[in-house]
Amino acid sequence: MKNLRSELRASILKKMRALLKSHGYKANGSRYRRDEDDLVKFIWLSSLPQTGPDCYCFTVDVSIASEVVVAHAPRIFFCGIDYVMAPYNNRIGWLSKHKQDYWWYVYSEKDCQDALQEIEDILVGRVFPMLDAIQTSGDLARVLREGQPGLSWPKAVQQWLADILEGKEAPPVPPGSTL
């Protein structure tokens, strides 16, 4: 028997799948992927497992991976194109009015609808336009150099990744690495 948490998660995934599919993303469980030349764009759902059977807590992550970076630094990016170890990795809360790492807590189908409407507004209003503007490795390098609140890599690693994406000389491991 499914608990409420499972039903809420299934409802969110079903509705997100429809939205993301209409924007060219292919689903694989709670991850959605769109391949564009040497860039791969991911949007995925992250959940907190410890919220109990009657609550579903989740956020939405966005990442952009690059074949160029994987080829340059295989010791760091040994998983190949991966949504977690991507040069660009952020949560949509940082790209929204919340301006922080934001998690949605839903306890009912109404809560799901409200959260999904907010997420759709963020995706359509901020995330999709940002992702559409990043078409090349150079575009991704520019975003990393400019920085954004919430990016998962330290600034020195962002600069190292930008150098790789721009085809500049860069060591095979990031600054300060012990590999």
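Biologist: Which side chains meet in a salt bridge at 2.4 Å, N to O?
Modeller: Those are the side chains of Asp163 and Arg145. Keep in mind as we chat that this is a predicted model.

Biologist: Thanks! Where in the fold do Asp163 and Arg145 lie?
Modeller: Asp163 lies in helix 5 (residues 155-165) and Arg145 lies in helix 4 (residues 137-146), so the pair ties together parts that are 18 residues apart in sequence.

Biologist: And how accessible are Asp163 and Arg145?
Modeller: Asp163 has 22% relative accessibility, so it counts as partly exposed. Arg145 counts as partly exposed too, at 26%.

Biologist: Which residues do salt bridges with shared partners join into one network?
Modeller: That network is made of Arg34, Glu36, Lys41 and Asp132.

Biologist: How far apart, N to O, are the side chains of Arg34 and Asp132 in their salt bridge?
Modeller: The distance is 3.1 Å. Arg34 is in strand 2 (residues 31-36) while Asp132 is in helix 3 (residues 109-133), so this pair ties together parts that are 98 residues apart in sequence.

Biologist: Is Arg34 buried or exposed?
Modeller: Arg34 counts as buried, because its relative accessibility is 13% and the cut-off for buried is under 20%. Its partner Asp132 is partly exposed, with a relative accessible area of 41%.

Biologist: How many salt bridges turn up in the whole structure?
Modeller: A search of the whole structure gives 12. One of the salt bridges is between the side chains of Lys110 and Asp114, at 2.9 Å from N to O.

Biologist: Where do Lys110 and Asp114 lie?
Modeller: Both are in helix 3, four residues apart, which is about one turn of the helix. As general background, an α-helix has 3.6 residues a turn, so residues three or four places apart point the same way.

Biologist: Nice, that helps. What about the accessibility of Lys110 and Asp114?
Modeller: Lys110 is exposed, with a relative accessible area of 55%. Asp114 is at 42% relative accessibility and counts as partly exposed.

Biologist: Let's stay with helix 3. How many residues does it have, and how far does it reach?
Modeller: Helix 3 has 25 residues and reaches 34 Å from its first C-alpha to its last. That is close to the 36 Å expected at 1.5 Å a residue.

Biologist: Where does helix 3 bend?
Modeller: The bend is at Leu123, and the angle is about 40°. Leu123 is also one of the buried residues of helix 3.

Biologist: Which other residues of helix 3 are buried?
Modeller: Among them are Cys112, Ala115, Leu116, Ile119, Ile122, Val127 and Phe128. Glu118 is on the buried list as well.

Biologist: What covers those buried residues of helix 3?
Modeller: The cover includes helix 1, along with strand 3 (39-48), strand 4 (56-66), strand 5 (88-91) and strand 6 (104-106).

Biologist: Now helix 1. Which residues is Ser11 in contact with, leaving aside its neighbours within four places in sequence?
Modeller: Ser11 is in contact with Glu109 and Leu116. Ser11 itself is found in helix 1 (residues 4-21), and at 10% relative accessibility it counts as buried.

Biologist: Last one! What can you tell me about Arg142?
Modeller: Arg142 sits in helix 4 and counts as partly exposed, at 36% relative accessibility. The C-alpha atoms of Arg142 and Gly167 are separated by 13 Å, and the two residues are 25 residues apart along the chain.

Conventions: Residues numbered from 1 in each chain as written. Predicted model: local features only at pLDDT ≥ 70, side-chain atom pairs only at ≥ 80, totals over all residues. Heavy atoms only, no water. Helix = DSSP H or I, 4+ residues; strand = E, 2+ residues; numbered from the N terminus. Buried < 20%, exposed > 50% of the residue type's maximum accessible area, 1.4 Å probe, protein only. Contact = heavy atoms within 4.5 Å. Salt bridge = Lys/Arg side-chain N within 4 Å of Asp/Glu carboxyl O. Expected span 1.5 Å × (residues − 1). Bend = angle between axes of the 7 residues up to and from the residue.
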